[in-house]
Amino acid sequence: MSHSYPSHVTIVDVSPRDGLQNESMTVPTEVKQALINDLIDAGIKKLEATSFVSPKWVPQMGDNSALLDALAPTRQKDVCYSVLVPNMRGFDNAIAYRPDEIVIFGSASETFSQKNINCSIDESIERFGPVAAAAKAQGIKVRGVISCTVGCPYEGEIDPSQVAYVTKRLIEIGSEQIGIADTIGVGTPLKVQRALQAALEYADIAMLSGHFHDTYGQALSNTLAALQMGVGEFDTSVAGLGGCPYAKGAMGNVATEDVVYMLHGMGISTGIDLEKLVVAGERISGFLKRPNGSNVARALINKRQS
């Protein structure tokens, strides 16, 4: 069975936001800044820098303004700095820092939407309408991410028709890109392909990206399944950092190092220097005093030490 894999894949490192947002210890602004600079130094061209959510809900992101101020003097023209915004207030706070892209989100699960942001799927998308319009008016890109596309902690399996519906709604309000997220990491390759197939009813393949958590160890397989369909962009997190505060037991995002190693081994370019990436992951893991969540990083570190 032959697949036409993309020749180049864009990696979006989400560790500064999605990776760190659940850490119980406060991560100082300069540590986040160093992580972002390490990632850019390793060749990452797109990253989620922070989010403009209420610090009451996500205290770790309370330094969003300070972080973007700190990054401003060395901000790279060819790097896309994204920020997550939940509403107009978040957008108004973010706009002063001229993010290159804003990320809005909807859930494919009605219950998850209620528990996560206290409103229905439709209400959440209506809330994002003005945000997307305001961003586009300022020439800022809009990415819509759909959580729980293959499974939900409350509802279990998610029907692909829900993914199609949320894709349609997010595109209607102005999303230029759609992230298909397996928030709790329960997906397997064919389920992920069905979710992507559903999104393709309304989105072009070039608009889709994958966001897979590794709770059940399926994230690399799911990445490969998405690649086979032609998806050319993936959210990953260095050292496998992160989880979802509203999805109990959800493990980290797939490790950037593991995805890059797989892609390079398949002859797919990423523009990323794997050695430098491993160093970035080691530094942040060291600061957090936790083992590195990337198999590839651990293997390369062991090889270096032997």
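## Barrel

Two strands count as paired if DSSP finds at least two bridges between them. In this predicted model, eight strands form a closed barrel in the order β1-β2-β3-β4-β5-β8-β9-β10, and their pairing is parallel. On average, neighbouring strands of this sheet are turned by 30 degrees against each other, direction ignored.

One pairing within the barrel is that of strand β8, residues 177–182, with strand β9, residues 208–212. The two strands run parallel and are joined by five bridges. Here D182 stands opposite F212 in β9.

## Helices across the strands

Helix α2 spans residues 29–41 and lies across three strands: β1 (10–13), β2 (46–51) and β3 (80–84). Its direction is at about 170 degrees to β2.

Helix α10, residues 256–265, lies across β1 and β10, the latter covering 233–236. Helix α10 runs at about 175 degrees to β1. Strand β1 is thus crossed by helix α2 and by helix α10.

## Surroundings of V166

V166 belongs to helix α7, which covers residues 160–172. V166 has a relative accessible area of 0% and is therefore buried, the limit being under 20%.

Leaving aside residues up to four places away in sequence, V166 touches S107, A108, I121, I125 and I146. The C-alpha atom of V166 is separated by 10 Å from that of S124, and these two residues are 42 residues apart along the chain.

Technical notes
Residues are numbered from 1 along each chain as its sequence is written. This is a predicted model: local features need pLDDT of at least 70, side-chain atom pairs count only at pLDDT 80 or more; totals for chains, interfaces and linings use all residues. Side-chain values use heavy atoms; hydrogens and water are left out. Helices (H or I, at least four residues) and strands (E, at least two) are DSSP runs, numbered from the N terminus. Buried means under 20% relative accessible area, exposed over 50%, partly exposed in between (1.4 Å probe, protein chains only). Contact means heavy atoms within 4.5 Å. Axes are lines fitted to C-alpha atoms, for helices over the stretch in contact, and angles run from 0 to 180 degrees between N-to-C directions.
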